[in-house]
Amino acid sequence: MDYFKHDINASDDDKICELLATGGYELLGYYWRFVEYLYSRGGKVNKSKLKGVAWSLHMDVDKLLSLINDYTLVLQEDEVVYSKRILSEVEEFEAVEGTYDW
């Protein structure tokens, strides 16, 4: 998957506004980089891997954990962090992959 859909009004989302108000643009950058990471991994990541994820993305692990735990932009279930939207879009992409000659 080389790209993903991005809402043009994402910065108006209440959750994003809360993130900006408390974490500033640095945490917003963390969010979008983590979104990219999730897309590259099929929409989910195991919680036990988050320190390594933070390291590989050049992020402060405590800020990444704050992004995950303090905001409802991504979900957690059992030992997995994921996004329903990303999972849905990855599934949609995989359903049509190969039908277009890009």
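Helices here (H or I, at least four residues) are DSSP runs, numbered from the N terminus, and strands (E, at least two) are handled likewise. This is a predicted model, where local features need pLDDT of at least 70, side-chain atom pairs count only at pLDDT 80 or more, and totals for chains, interfaces and linings use all residues. Residues are numbered from 1 along each chain as its sequence is written, and side-chain values use heavy atoms, with hydrogens and water left out.

**Exercise 1.** Work out how Arg85 and Glu89 pair up, and where they sit.

Solution. Start with the rule: a salt bridge is a side-chain nitrogen of Lys or Arg within 4 Å of a carboxyl oxygen of Asp or Glu. The closest N and O atoms of Arg85 and Glu89 are 2.8 Å apart, so this pair is a salt bridge. Next, place them: both lie in helix α4 (residues 84-96), four residues apart, about one turn of the helix. Finally, check accessibility (buried is under 20% relative accessible area, exposed over 50%, partly exposed in between; 1.4 Å probe, protein chains only). Glu89, at 12%, is buried, while Arg85, at 37%, is partly exposed.

**Exercise 2.** Find the salt-bridge partner of Lys63 and say which helices are involved.

Solution. Lys63 bridges to Glu26, with the closest N and O atoms 2.9 Å apart. Now look at the helices: Lys63 is in α3 (residues 61-70) and Glu26 in α1 (residues 14-40), so the pair links distant parts of the chain, 37 residues apart. Lys63 is partly exposed at 32%, and Glu26 is partly exposed at 43%.

**Exercise 3.** Give the total number of salt bridges.

Solution. The rule yields three salt bridges.
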